[in-house]
Amino acid sequence: MISPSIKWPFATRPLLLLSLLILLTVATPSSCQSREPTSSKASNRAPFPWNKMRLPEHIIPAHYDLMIHANLTTLTFGGTTQIEITASKPTSTIILHSHHLQISKATLRKGGGQRQAEELLRVLENPPQEQIALLASEPLVVGLPYTIVIEYAGNLSESFHGFYKSTYRTKEGEVRVLASTQFEPTAARMAFPCFDEPAFKASFLIKIRREPRHLAISNMPLVKSVTVAEGLLEDHFDVTMKMSTYLVAFIVSDFKSVSKMTKSGVKISVYAVPDKINQADYALDAAVTLLEFYEDYFSIPYPLPKQDLAAIPDFESGAMENWGLTTYRESSLLFDAEKSSASSKLGITMIVSHELAHQWFGNLVTMEWWNDLWLNEGFAKFMEFVSVRVTHPELKVKDYFFGKCFNAMEVDALNSSHPVSTPVENPAQIREMFDEVSYDKGACILNMLRDYIGADAFKSGIIKYLQKYSYKNTKNEDLWNSMASICPTDDTQHMDGFCSRDEHSSSSAHWRWEGLDVKTMMNTWTLQKGFPLITITMRGRNVHMKQEYYVKGVAGAPETGFLWHVPLTYITSKSDAVQRFLLKTRTDVLILPEEVEWIKFNVGMNGYYIVHYEDDGWDTLTGLLKGTHTAISSNDRASLINNAFQLVSIGKLSIEKALDLTLYLKHETEIMPVFQGLNELIPMYKLMEKRDMKEVETQFKAFLIRLLRDLIDKQTWTDEGSVSERMLRSQLLLLACVRKYQPCVQKAEGYFRQWQEANGNLSLPKDVTLAVFAVGAQTLEGWDFLYSKYQSSLSSTEKNQIEFALCISQNKEKLQWLLDQSFKGDVIKTQEFPDILRAIGRNPVGYPLAWQFLRENWNKLVQKFDLGSNSIAYMVTGTTNQFSTRARLEEVKEFFSSLKENGSQLRCVQQTIETIEENIRWMDKNFDKIKAWLQSEKLNLL
């Protein structure tokens, strides 16, 4: 599953922290959860025979026969579930999951045949644990096959999970209804009673009843359709492979589709609403290419005859990997060749790649329990970069990878972080696992391992893992054991995947001497939270290294005893060949062959750690950037910018030195260092915007535009160039226009006037549309015109761009109206509300409105988005985590503590409180220094 991420300024914002440009913080998929007490009383007051959240292990399901009938008029559904089970010990109680389902009858058949006598079972319900108990009159015989048959009914969910209702409006304005599923992590039990834990793998035979005007699709191809009554058909789908319940999927809709075959004969289809099926071609071609890549890379054929990709009009997350039927937000799948941006193409490619990687990592081989979710999500996130680098080389995705690591480090540097692999039990805790630590940190430590043992050895290890555990479940250690027999390889050859070593040969001799214990090494990265700060001190040829736990908000590193096995890499002024050293102790020394002017660790940002250079180390590197910045790669330059500001946060480097380092950006032209500079500098003035610091805030904004003015002036108002050049153009022009840089504003006003005069039918250059709309929305007339175009647009990119522009209005009435309307969900879909609330929470005029809206509507928001959802987390952090005053901190603490079990224990609340405390400390320590620095002589040179 791809967690929801903010779409602005990128259309789908799959990578990077670029939303910092205006909205400032990235989307955090981290969940907010409350801890609900569990009860062992059944709903009819009889004692419930099981008091644990986890199901007992002695009843094993083998096969489900499901019949589901959804009524899209009454918005209800009925169903019959037949489950073939065996017992591994005698028991007369069968415990399974059911949530919000009305069970009318349950029976038990002994043996596999249909003709066996049926025994009526007593049903007890335990709603707090989402469980039911089926009570038989005598114990089940061990090893004998039984079939339980459950008849039930339910309402189509009004949320975004379970079997839920979605709607869309046709070009003619007619509202149409469809029903779709989203089961991960614990919502299959909302559609049919089941053993809803990932280790209870079974096969599924699915039958869907529907009206003739509708179409049903599911995980497997349609086998036949039979008429069961006048105006009612029953579609029978083929039996699935053995799989977990959360991967089951079915959709009843009037979608249209386009299809192609892969070289190995797998039918790929993209489904969408009829008015948008003409936007399906790009994703279809990408899916064919990517599925062929994975079959080749993993040396395991895709095991199903088809793979459908469906664009769902209402979808909370970004996408979901259901086996054979992946589902997506429309903006994550549909590409409008006329209007979609370069970043939208990049985003769609990465998301499709992520979901298809899951067909192996997650679906074929599944984590045993949600504590190891990262085995699914970290791998899928990592494989996005491995695959797309080969299948779509023009997208140059390798350059963006380390942005994921900085993203994870933002959260992982807080005390409220958690290890990659961490114990969880209830649905609340499970949903908390879908965060940057599981996804982005998981991907970064896999990349680090691949860089460490070499691309060939890594690939061999994962093929071994997938082959050994196909159709099974795994734990963290199973992966490391599959890697354990593999040694580092020499890296003189280029590999086909991501992070192949550079053509310079490099020494892995140190590792050979040490012997390679992958499991011990990787446990240091998965079983403890956080990451190390490596401090480098040069003494002649001797390089002294020290590691310590990096954590924000604590004076001096706390004594945790954390120790990592850190695969260090470095280059020097004398050699750009990558050298390696495995640091396994708190301190160590390496001896260089000769003295050097400078040394740069963590080459290409392949390691999940940050580096501090003591004494004059930072001065030397700053001098290098100012003199010949191209002496090191653009990723190395970006990582220096990031690390410098991380060190300011813990008092290891002065703010003045970090700001001095950014001055070299006047001569920078590459996307990643520029974006990283913006990601560090924009938060400073965003903090000032929420305090009374207008004078310094204005000076700082002016400094930023002066710093980048040469690069801004070089941008053409066209769609020319590579994807990275186009994304850089889009972001720079947006920044310049929003910061009221007049040459930019005037050009944008001209384009907007022409576009408005043509009634929105003029084709604007895709890369500058965001800047044009942002300027156009600053007048009331322009804002109203944009909103009228929003209502009729069929392009996800265009709608996202208009949404963004509407949210940066300086008119409070318009912003309040936008909050109210998007919350209602009539014209602006409810799925967009978290993005809109967050964007207005980033607006210097709108942020008090967003914070007030969150508080006043908390109970309704929780009903709509669920206390445990990513969306709630996203809204909490989006409205509060740029506060930096003690008064606001007290407001936040007071509000959330007043919620009691309705929100006070949420992890995102802990994160935002820690962040506000850090903001206060940071501003108290650095604001006066920034003010003085802005007056200094060196800025006159800009």
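# Sheets, cores and ring pairs in a predicted model

Student: Which residue in β18 stands opposite Val 270?
Tutor: Strands (E, at least two residues) and helices (H or I, at least four) are DSSP runs, numbered from the N terminus. Strand β17 (residues 267–272) and strand β18 (residues 306–312) pair in the parallel sense over five bridges, where pairing requires that DSSP finds at least two bridges between the strands. Opposite Val 270 in β18 stands Leu 309.

Student: What kind of model is this?
Tutor: Residues are numbered from 1 along each chain as its sequence is written, and side-chain values use heavy atoms, with hydrogens and water left out. Local features need pLDDT of at least 70, side-chain atom pairs count only at pLDDT 80 or more, and totals for chains, interfaces and linings use all residues, this being a predicted model.

Student: Which strands stand at the edges of the open sheet of five strands?
Tutor: The order in this sheet is β16-β17-β18-β20-β19, with mixed pairing. A strand at the edge has a single partner strand, so one side of it is left without a neighbour in the sheet. The strands in that position are β16 (256–261) and β19 (319–320).

Student: Which two residues touch the most other members of the largest nonpolar core?
Tutor: A nonpolar core is a set of buried Ala, Val, Leu, Ile, Met, Phe, Trp, Tyr and Cys residues joined through side-chain atoms within 4.5 Å. Buried means under 20% relative accessible area, exposed over 50%, and partly exposed in between (1.4 Å probe, protein chains only). The largest core has 316 residues, and the two that touch the most other members are Phe 192 and Trp 858.

Student: Which helix gives the most to this core?
Tutor: The contribution in question is 12 residues. They come from residues 281–298, which is helix α1.

Student: How many residues make up the second, separate core?
Tutor: Leu 734, Val 738, Leu 770 and Ile 808 are included in it. The count for this second core is six residues.

Student: Which threonine does Phe 192 touch?
Tutor: Contact means heavy atoms within 4.5 Å. Residues up to four places away in sequence are not counted, and the partners then include Tyr 64, Leu 66, His 97 and Val 248. The threonine in the list is Thr 81.

Student: What is the bridge partner of Thr 81 in β8?
Tutor: Strand β2 (residues 76–87) pairs with strand β1 (residues 59–71) in the antiparallel sense over 12 bridges. The strand β2 is also joined to β8 (residues 146–155), again antiparallel, by 10 bridges. In β8, the partner of Thr 81 is Ile 150.

Student: Which residue takes a positive phi in the hairpin of β1 and β2?
Tutor: The hairpin has four residues between its strands, and His 69 has Gly 78 in β2 as its bridge partner. The residue with a positive phi near 60° is Leu 75.

Student: Is Thr 181 buried or exposed?
Tutor: Thr 181 is found in strand β10 (residues 175–182), and a polar atom of its side chain lies 3.2 Å from the backbone nitrogen of Phe 250. Apart from neighbours within four places in sequence, Thr 181 is in contact with residues including Gly 162, Tyr 164 and Ala 249. Its relative accessibility is 1%, so Thr 181 counts as buried.

Student: How far apart in space are Pro 185 and Thr 880, C-alpha to C-alpha?
Tutor: Pro 185 is found in the loop between β10 and β11 (203–210), and it is buried, with a relative accessible area of 7%. In sequence, Pro 185 and Thr 880 are 695 residues apart. In space, C-alpha to C-alpha, they are apart by 28 Å.

Student: What is the angle between the planes of Phe 382 and Phe 401?
Tutor: Rings of Phe, Tyr and Trp (its six-membered ring) pair if their centres lie within 6.5 Å; planes under 30 degrees apart count as stacked, over 60 as edge-to-face and the rest as tilted. The structure holds 62 aromatic pairs. Phe 382 and Phe 401 form an edge-to-face pair, 6.5 Å centre to centre, with an angle between the planes of 80°.

Student: Which helices does this pair tie together?
Tutor: Phe 382 is buried, and so is Phe 401. The parts tied together are 19 residues apart in sequence, because Phe 382 and Phe 401 lie in helix α3 (residues 374–391) and helix α4 (residues 401–412), respectively: α3 and α4.

How values were computed
Polar contact = N/O pair within 3.5 Å; in protein donor to acceptor, adjacent residues only side chain to side chain.
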